[in-house]
Each structure stands twice: as C-alpha cells, then as structure tokens.
Amino acid sequence: MKERVTEPDIIEDQELAEYYNRMAKRYGRFPCQRVLKRVLAKGIENGRAIDVGTGPGTFPIFLSKAIPGIRFKGIDLSPVMVEIARRNAEEAGLADKIEFKVGSAYALPVEDHSLDLVLCITTLHHLDRPVDFFNEVARSLKEGGAFVIVDFHRDASFVFIGIFNLLWRAFFGRYPKARRGFLESIRSSYTLKECLDFLQRSRLEHWKLYTRTVEMWIESGGRPSNPSLSSSCNGTSGITKGGHGF
Ligand SMILES: C[S@@+](CC[C@H](N)C(=O)[O-])C[C@H]1O[C@@H](n2cnc3c(N)ncnc32)[C@H](O)[C@@H]1O
C-alpha cells in the first residue's frame, strides 16, 4: 500500500475554484441525489445541519431544495470557496436560508449537541487529524443526530482507480490544474483500516463504515428510536463492504 501523500489543505486559487464550481454545477446532481437518499433514509426531514468542507455549496443547496425543513450552515476553510457558495445560494434563491462561512472542520461553529445532521463530502482526505474532526461531529450532534461522510479510500482496487481516473480526465481533465486531481485525492485519502482506527479512537458512536468502488462511506446507523439499527451499527461490527445494507 502506497504511503499517504497529503493534498494541499484548501482550494484558494480563484481560477481552480471557479472551474470546480462549474463542474460541480454540471455533474453534481447524481452525487447529490445519492447523499439525499441516505439522509432521507435516516428520517431527517427538518432541523439544523452543517456541511463541512462545503466547497461551492452544491450539497447544502441541493438538499435545502429537496428537504425545505432543514436549515443548513456550510463551512469551508477557503474564503474563495465560501464566496462562490454564497453566490450560488443567491442564484438559487436560498441566500437567507443557508449560511456559508469560513470555518474549520476541527472547530465547527455550532453549540454542543445542537445539530440534527452533519455532512462532509470528499473532504476527509484534506484532513490530517480525522480523529479531531470525528470528535467535533460527536460534540455537535444531538442525541440520535445523523451524519453522512463520504470520501475516497486509498486501498480501492487498481481497476476502479484506473476506470475512475479515465472518467475524471474525460470530464474534468481538460483544465490542466485539475488533470491530476482525482489521483491526488486518492493518494491523500485514507485506507479503510486507517479510517476504522480513527473512528474507534474517536468519540463518535453508532457509525457504519463501508466502501463502494473508490468511495468510503461513514454513516450514522439510525436514530435511537430504532434500536435494532443503532445497536448493530456501533464500532467494528458496523463495518461492511459494498453497499447500503442497513
Ligand atoms: C474536494 S472539495 C469538496 C467540496 C464539496 N464538499 C463537494 O463535494 O463538492 C474539499 C473542500 O474542503 C475544504 N477544506 C479543506 N480542509 C478543510 C478544513 N480543515 N476545514 C474546512 N474545510 C476544509 C477545501 O477548501 C475544499 O473546498
């Protein structure tokens, strides 16, 4: 297994950020629908949510339209991205519904146990201290709150990495600064085992960790009102490979 190669923390380059935004607008619908499906499966229909590493705000904007009862905050370390996210919310008519601000995954700008939902999509590989981030998720969530964390994993099969890299280069790679983006993200992502270790060392509970092709999903297993789900999804026993089997 190759060593992890850290990716620069934040996307600050204006041109690259604008390009990312255009691509997210063009191709973001399908990934957003997949996340929406998982959020709906957890019974989240209202309440307070945060999207960590929100980039251009694609996910909270999509989810706010689909589930109007949710009030999102979107945070990102990059002021450039936050400006773009605000612009996107304005264009979508959601400027007074979603608050985008500069903020860190290691210090979420919310009170203890105040959130119903935490999202973090393709951002974990930017974080060098995942345990601290998971602890922040645990601190922020209400009892029984839900989370959906999606990222790549470095131990994905070479076949999947090869196929996804070709797709990446075909769709996103025309812009030179983005050409190697997929491989760089894979290299800076964690392996399933590393992530399992981070989760076990963190205060986050009731999680489920599984892979799908090049992706790794970490999700809450359900609300305490559904004990059969939550009790079976805590700790190592919650690890599964290959699908949404819960
Ligand atoms: C690959 S982008 C993903 C954006 C968005 N979640 C999406 O899927 O379209 C990762 C984002 O995480 C942000 N980021 C990196 N490190 C961060 C940190 N410590 N706290 C908050 N955001 C961070 C970057 O600035 C970047 O916008």
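**Entry 1: the core**

A nonpolar core is a set of buried Ala, Val, Leu, Ile, Met, Phe, Trp, Tyr and Cys residues joined through C-beta atoms within 7 Å. With that in hand, I looked for the largest one in this predicted model, and I found that it has 59 residues. L117, V118 and L119 have the most contacts inside this core. I then asked which element gives the most to it. That is β5, with seven residues. A general rule fits here: in soluble globular proteins, nonpolar side chains tend to be buried together.

I picked out V118 for a second look. Leaving out residues up to four places away in sequence, V118 touches I50, V52, V137, S140, L141 and F147.

**Entry 2: the whole chain**

I stepped back to see the overall make-up. The protein has 246 residues, and 39% of them count as buried. I noted nine helices and seven strands. I also checked contacts between residues at least 6 apart in sequence: 74% of these join residues at least 24 apart.

**Entry 3: V148 in β5**

Next I went to V148, which sits in strand β5, residues 141-152. Is V148 buried or exposed? It counts as buried, because it has 24 C-beta neighbours inside 10 Å and the cut-off for buried is 20 or more. Setting aside residues up to four places away in sequence, I listed V35, R38, V39, L119 and E219 as its contacts. L119 was already in my notes, as one of the residues with the most contacts inside the core. I also compared V148 with L36: they are 112 residues apart along the chain, yet their C-alpha atoms are separated by 9.8 Å.

**Entry 4: β2 and its partners**

I followed strand β2, residues 70-76, in both directions. On one side, six bridges join β2 to strand β1 (residues 47-52), and the two run parallel. Here V52 of my V118 list stands opposite I75 in β2. On to strand β3 (residues 99-102): four bridges join it to β2, again in parallel. One pair I marked is K73 with its bridge partner E99 in β3. The chain gets from β2 to β3 through helix α4 (residues 79-91), and this β-α-β crossover is right-handed. A right-handed β-α-β unit is also made by β1, helix α3 (residues 58-66) and β2.

Why is β2 largely enclosed by the rest of the structure? Six of its seven residues are buried, so the strand has little left in the open.

**Entry 5: around the ligand**

I counted the residues around the ligand and got 21; the closest are I10, G53, G55, A105 and H126. Sorted by class, this shell holds ten nonpolar, nine polar and two charged residues.

**Entry 6: some loop residues**

R203 lies in the loop between α8 (192-201) and β6 (207-212). It counts as exposed, because it has 11 C-beta neighbours inside 10 Å. Beyond its neighbours within four places in sequence, R203 is in contact with N135 and A138. For A138, I noted a C-alpha to C-alpha distance of 6.1 Å, across 65 residues of sequence.

Last, I looked at two threonines. T122 is in the loop between β4 (115-121) and α5 (130-140), and its phi is near 45 degrees, a positive value in a residue other than glycine. T122 is partly exposed, with 17 other C-beta atoms within 10 Å. T213, in the loop between β6 and β7 (215-220), also has a positive phi near 45 degrees. T213 is partly exposed, with 14 other C-beta atoms within 10 Å.

Definitions and conventions
Residues numbered from 1 in each chain as written. Predicted model: local features only at pLDDT ≥ 70, side-chain atom pairs only at ≥ 80, totals over all residues. Buried ≥ 20, exposed ≤ 12 C-beta atoms within 10 Å, placed from the backbone. Contact = placed C-beta atoms within 7 Å. Pairing = 2+ DSSP bridges. Right-handed = clockwise from strand over helix to strand, strands pointing away. Near = placed C-beta within 6 Å. Nonpolar A, V, L, I, M, F, W, Y, C, P; charged D, E, K, R; others polar.
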